[in-house]
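Here is a guided walk through a structure, one chain at a time. Keep the 3D view open and follow along.

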Amino acid sequence: MSVFGGLTGFVLRRVLGAVATLFALSVIVYVVFYAAPGNVAQITCGPRCSPEQLHQVAQQLRLDDPLHVRYWHFLEGLVAGHDYSTGTSVEHCPAPCLGVSYQSGRQVMSIITAKLPVSLSLVAGAMVLWLVLGVGTGVLSAWRRGRTSERVLTALTLAGTATPVFVIGLVLMIVVCGEFQWLPFPQYVNLTDDPEQWAWNLLLPWLSLALIEAAAFARLTRASMLETLAEDHIRTFRAYGVGERSVVGRHALRGALAPVIALNANNVGSAVGGAVLTETLFGLPGIGQELVHAVNVVDLPVVVGMVLVVGFFVVIANTVADVLFAVADRRVVLA
Amino acid sequence: MSPVQTTGDARTNLVEVTDLSVEFGEVRAVDGLSFRLARGAALALVGESGSGKSTVASALLGLHHGTGARVRGSVLVAGTDVQRASGEELRRLRGAKAAMVFQDPLSSLDPYYAIGDQIAEVYRVHTRASRRAARARAVRVLERVGIPDAARRSRARPHEFSGGMRQRALIAMALACEPDLLIADEPTTALDVTVQAQILDLLHTLREETGMGLLLVTHDVGVAAESVDEVLVMRDGRAVEHGPVTAVLGAPSAAYTRELLGAVPRVDAPRETRKADSGQGEAVLEATGLRREFGRGRRTLTAVDGVSLTLRRGETLGVVGESGSGKTTLGRMLVGLLEPTAGEVRFEGRARRGVDPAVQMVFQDPVSSLNPRRSVGESVADPLRARGERDEGRIRRRVTELLERVGLEGAHYDRYPHEFSGGQRQRVGIARALAADPKVIVCDEPVSALDVTTQAQVVALLGELQRELGIALVFVAHDLAVVRQVSDRVAVMHRGRIVEEGPADEVYGAPRDPYTRQLLAAVPALDPEAAARRRAARREPATA
Amino acid sequence: MSEVLAASEAAATDVSVPAAPGARPFWRRLRAQRAALVAAVVVALLVLVALAAPLLTALEGQDPTTYHPGLIDSARGGVPVGSFGGAGADHWLGVEPQTGRDLFARLVYGARVSLGVALAATVVQIALGVTVGVAAALGNRWVDQLLSRLTDIIVAMPLMIMSLALLAIVPQSFPRPVLVALVIGLIAWGNIAKIVRAQTLTLKGLDHVAAARLSGWGAWRIARRELLPGLAAPVITYAALLVPTNIAVEAALSFLGVGVKPPTPSWGQMLTAADVWYQAAPQYLLFPAGALFVTVVALTVLGDGVRTALDPRAASRLRVGTGRKREAGAETPDTAAGPRTAGTDPRPRTAGTDTQPRTAGTGAEARAAGTDKEETA
């Protein structure tokens with residue numbers, strides 16, 4: 001069996017697994033939200049819904065049909081899109097159709113796509129920051145083990161993991177924007193409009209989102225480095241006169257990175273959670289803020305749509321990480 | 001010894017260790033050891049675990065620096081005073097003048113880089129050669145250690161190599177800078193016996209060709225006899241006996257050496273106590289057409305492939321094979337821990353499914369075979385309680401009796417497994433098996449995790465119990481000598497099948513199957529001269 | 001280099017040999033860590049404060065829900081009257097802006113909510129995780145497949161998002177703190193199920209379990225005597241790390257206004273408006289934020305300490321070269337028949353003690369999983 005063939009097979013299995021997971025996720029989410037006890041039409045439409053609207057919603061969700069038919073209809077919309085009636089006209093909701101908000105009358109997908117750039121800017125920038133900060137700190141503290149610098153780093157890392165995103169954000173905002181006025185309160189600027197202002201305005205949100213994740217990465221990297229440094233092959237290279245810089249930087253780091261890749265994928269999910277807090281705190285118009293709004297006014301189609309979109313990103317991230325992990329360590333493929 | 005003499009000797013002596021002591025906290029691992037190794041000579045440090053032999057090997061390269069170990073005495077290797085050398089001087093010594101080969105070749109190589117790159121890296125550290133030249137050098141040394149198609153294989157990573165190939169690669173790394181001294185720390189312990197013979201032959205050939213010195217660290221007297229000129233027997237960090245290999249192994253002067261040699265099972269010695277009626281009694285356990293597969297679909301692995309055997313009352317059947325031969329799987333099917341994919345096991349004439357307390361097992365790993373959270377007495381009492389015995393007094397009496405029977409004390413009842421040594425834990429395991437009043441005990445590598453002296457004691461105990469209680473034993477092991485020592489009949493397993501079966505003396509004395517012959521030829525002999533003869537014999541088919 | 005071998009050998013046989021059985025050595029090893037000891041005292045104090053909240057507020061003479069319109073300056077938008085947010089003998093830490101509710105009372109009652117919700121959520125997570133994990137490990141291939149896939153899906157659900165969504169559809173009449181605990185508990189049990197499954201599989205393969213089968217015991221007794229005790233250590237360890245995570249999640253949800261709602265006090269909820277008031281009433285920001293920080297730090301340090309105490313080998317195996325020789329053991333390292341092969345071990349990097357599931361974790365609990373393999377000594 002060639003390793004490449006094994007790898008292709010592995011990737012294929014992973015992708016199929018991801019599709020299955022997504023499908024199951026959609027079933028669970030649908031059942032939890034649209035088959036819950038109570039008046040589904042009322043919950044979906046929102047508390048301030050007129051009887052006509054209620055009737056319309058019940059029709060659109062096909063509430064008279066059995067559950068599996070309703071789910072099939074929902075799935076059809078996702079894959080092929082469908083037409084719906086607003087009462088006065090018939091509109092088309094293109095695939096992937098996540099439904100319509102009955103409170104704003106807008107299609108959920110268009111709400112999400114409008115807000116997505118803000119959230120992506122936030123999460124992507126923060127991710128770069130936390131990877132650099134976290135892995136750097138972790139490697140440094142593993143290397144400087146037992147010295148004062150390591151203790152300081154460990155204490156900082158602990159403080160970092162223990163401070164909730166919104167507390168860091170609050171403190172940063174109050175100190176930097178409020179007390180010292182080094183920066184204005186963040187206002188989102190499109191990357192395409194003004195890259196420099198985009199970055200300046202996102203600096204604080206990036207920091208508040210990244211610090212806690214960086215702390216988690218620093219802890220993991222340090223532990224992983226120490227574990228790798230205790231492995232036999234590290235001893236081999238030391239016994240062969242290879243310099244400490246190459247032993248740590250080349251051999252130990254390479255081995256230690258695999259769990260870091262895995263954690264990074266997992267953290268896409270928690271980062272989105274953190275992004276919700278950051279956006280709310282700094283007033284950034286991303287999907288997090290939109291979600292909190294939707295939750296507060298009980299706009300169910302928007303909420304469900306966002307859960308599915310975020311779940312989609314998390315599953316994709318996990319799959320990519322699995323594949324990266326396998327490429328990094330082909331032994332996994334043999335499993 | 002004057003310092004003047006020391007410097008003078010540095011030219012002729014490759015290694016000079018004087019009054020070396022290594023302490024780890026409270027424990028003194030090496031205690032006042034001195035020895036020399038002349039250029040081109042070969043010395044083996046032989047000892048059981050805890051004798052400090054590996055610690056000495058590490059001290060030669062200064063690997064204890066910065067680990068918290070206290071090292072005293074002087075260590076001179078290839079002209080470098082290891083104790084006083086700076087970090088830079090040590091780096092120049094390591095790999096370039098003295099190179100080390102480790103026990104476990106898989107974990108000793110970086111799993112993420114190609115083998116050729118790892119060798120090239122070591123070479124470049126010491127020679128400042130170009131990347132390209134270093135890579136070429138790597139391929140050359142890989143060829144030298146007998147890796148076929150070395151240019152292509154050098155791009156593979158360690159897990160794509162077999163165990164023996166990996167050890168060759170590690171030796172190639174050691175050769176990269178043409179060191180004066182090769183330190184081999186249990187280089188063949190993780191390998192099968194046939195592969196072990198190949199690696200030892202390779203080391204021998206390389207030494208003949210390059211004239212480098214060899215320091216071999218091993219627990220296996222046979223391995224030492226095969227490979228070196230001089231032997232230093234160690235115990236508790238001290239030298240017990242030191243001299244030419246023929247003298248030490250042929251006419252040992254120290255009591256401990258005699259004890260050690262006496263405990264080593266010999267593959268060429270017939271079993272002393274032989275029952276006349278072997279192979280005649282009625283069958284207690286019969287297996288017919290046993291087959292076991294693991295996995296499904298294309299990745300199915302057939303571990304045992306159509307094995308039939310019969311175990312008669314009171315006899316010992318040895319099952320011998322290398323790793324992956326399916327012997328452990330077979331053992332587990334015999335006791336009912338694994339269900340066969342096909343075939344059946346009959347116990348006392350009745351077909352049996354699942355476990356039966358009358359068929360017990362003694363396990364290989366003395367660590368995991370006892371529940372660490374329960375006292376050993378409770379573990380031994382398990383079969384009694386499971387049988388429905390409720391009288392605590394009777395249970396305690398019976399367990400005490402059993403513990404005493406296997407050479408432990410009744411007072412050990414309330415102790416926990418971690419308070420016992422490996423050999424003692426194995427005795428507890430035997431007591432637990434006996435508590436079920438078994439008709440059959442399957443021993444799965446019962447002594448392979450033990451030191452050779454402990455091994456001999458446990459083997460003797462099993463033999464005694466068998467004679468006394470008339471239990472039939474199945475003795476599964478990879479060690480041909482141990483199997484011969486205990487078995488009335490022997491079955492040789494290879495790739496899931498029994499390739500040869502018969503009375504022990506016949507199988508060992510006149511093997512019919514080529515695989516059995518190959519196995520027997522690979523077992524290291526204790527007599528250095530015999531070892532040389534057999535090496536020549538092994539080399540012949542290769543050159544022919 | 002025998003100690004290196006010993007260490008790696010110990011790592012390989014990890015789960016099977018705790019240094020000593022029983023609870024006493026655990027306490028001894030926990031007490032040996034100064035940081036953990038301090039953290040334990042802090043946590044004990046916090047629990048005490050939470051339990052004694054009615055007593056403490058009675059001592060102060062206040063309660064957490066009474067409005068004090070007289071103590072706030074409605075002309076200035078509801079800023080508390082007096083210096084430092086109106087702190088004094090009557091109101092030890094001052095009053096809340098806009099409502100005038102007593103801050104000290106809300107803070108100590110908030111401790112009840114924070115700790116209570118976090119603990120309850122942890123109990124739910126452990127119960128679900130252990131049940132699913134053990135069932136997957138002991139069940140047949142189909143049961144395992146089904147439960148493992150379910151676990152994968154649960155792990156793929158982003159905790160914050162899903163909690164937000166679920167909290168939205170449940171009627172407001174449902175008691176909020178209970179709901180928050182349930183929602184966190186029902187969503188974030190995937191990692192613990194993975195850990196328990198892996199650990200159970202490892203334990204199941206150990207020889208002493210096989211020996212118990214050969215003794216003639218039934219499946220239930222074997223599970224109880226041989227398997228479950230072995231699960232205690234990883235489960236307690238993970239639970240200790242889950243509590244601070246759950247506190248942070250509850251605070252975040254309440255901060256967003258969907259978790260615990262007024263009049264029930266919660267630290268996260270108090271911070272919602274803190275950015276508006278920080279200049280006029282800094283204690284309104286400082287105290288809840290400080291309380292959160294101290295609680296999470298103390299619980300995290302304690303959790304790390306518990307892990308080190310339960311699994312000293314995870315720590316010691318990284319401490320190579322300090323020369324802890326093996327006790328009177330007579331084993332030769334690795335004379336075992338089979339050379340270890342790569343193929344048999346699917347995930348060599350994460351095998352052994354480290355029970356961290358590789359694909360673990362959405363939401364903040366991934367952090368707890370991530371720290372799992374850490375060494376804190």
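## Two loops in chain B

Before we start, keep in mind that this is a predicted model. Let's begin with Arg128(B), which sits in the loop between α4 (115–127) and α5 (131–144) of chain B. Most residues other than glycine have a negative phi. Arg128(B) isn't a glycine, yet its phi is positive, at about 55°. Is Arg128(B) buried or exposed? Just 9 C-beta neighbours fall inside 10 Å, so Arg128(B) counts as exposed.

Now hop along to Asp236(B), in the loop between β9 (230–235) and β10 (238–244) of chain B. Here too phi is positive in a residue other than glycine, with a value near 50°. Asp236(B) has 15 other C-beta atoms within 10 Å, and therefore it comes out as partly exposed.

## The domains of chain B

Chain B is split by the domain assignment into domain 1 (13–261), domain 2 (281–358 + 440–525) and domain 3 (368–437). Notice that domain 2 is written as two stretches, 281–358 and 440–525. Going by their C-alpha atoms, the centres of domain 2 and domain 3 of chain B are 25 Å apart.

How many residues of domain 2 of chain B are in contact with domain 3 of chain B? There are 10 of them, and they meet 11 residues of domain 3 of chain B. On the domain 2 side of this contact, helix α16 (residues 452–469) of chain B gives the most, with 4 residues. Sort that side of domain 2 of chain B by class and you get 8 nonpolar and 2 polar residues, with no charged ones.

## Where chain B touches chain A

Next, look at where two chains meet: 24 residues of chain B are in contact with 15 residues of chain A. On the chain B side, the elements giving two or more residues are α3 (87–93), β6 (98–101) and α4 of chain B. The top contributor on that side is α4(B), with 4 residues. You met α4(B) earlier, as the helix on one end of the loop that holds Arg128(B).

What does the side of chain B that touches chain A have by class? It has 12 nonpolar, 5 polar and 7 charged residues.

## Chain A

Chain A has 12 helices and 2 strands. Read along the sequence, the pattern is α-α-α-α-β-β-α-α-α-α-α-α-α-α. Its C-alpha trace spans about 80 × 65 × 40 Å along the principal axes. Of its 335 residues, 48% count as buried. If you take the contacts in chain A between residues at least 6 apart in sequence, 68% join residues at least 24 apart.

Zoom in on helix α4 (residues 67–80) of chain A. At 1.5 Å a residue, its 14 residues should span 20 Å, and the end C-alpha atoms are indeed 20 Å apart, so the two agree. Right after α4(A) comes Gly81(A), with a positive phi near 80°.

## A helix in chain C

Finish with helix α3 (residues 34–51) of chain C. This helix has 18 residues and reaches 26 Å from its first C-alpha to its last, close to the 26 Å expected at 1.5 Å a residue. Which residues of α3(C) are buried? They are Ala36(C), Ala39(C) and Val43(C). These three cover an arc of only 60° around the axis, so they lie on the same side of α3(C). Turn to the other side of α3(C), and you'll find Arg34(C), Val41(C) and Ala44(C) exposed.

Conventions:
Residues are numbered from 1 along each chain as its sequence is written. Chains are lettered from A and ligands numbered from 1 in the order in which they are written. This is a predicted model: local features need pLDDT of at least 70, side-chain atom pairs count only at pLDDT 80 or more; totals for chains, interfaces and linings use all residues. The expected span of a helix is 1.5 Å times one less than its number of residues. A residue is buried if 20 or more other C-beta atoms lie within 10 Å of its own, exposed if 12 or fewer, and partly exposed in between; C-beta atoms are placed from the backbone. Two residues are in contact if their C-beta atoms, placed from the backbone, lie within 7 Å. Domain bounds come from an automatic or database domain assignment. Ala, Val, Leu, Ile, Met, Phe, Trp, Tyr, Cys and Pro count as nonpolar, Asp, Glu, Lys and Arg as charged, and the others, Gly among them, as polar. The arc is that of the directions from the helix axis to the C-beta atoms.
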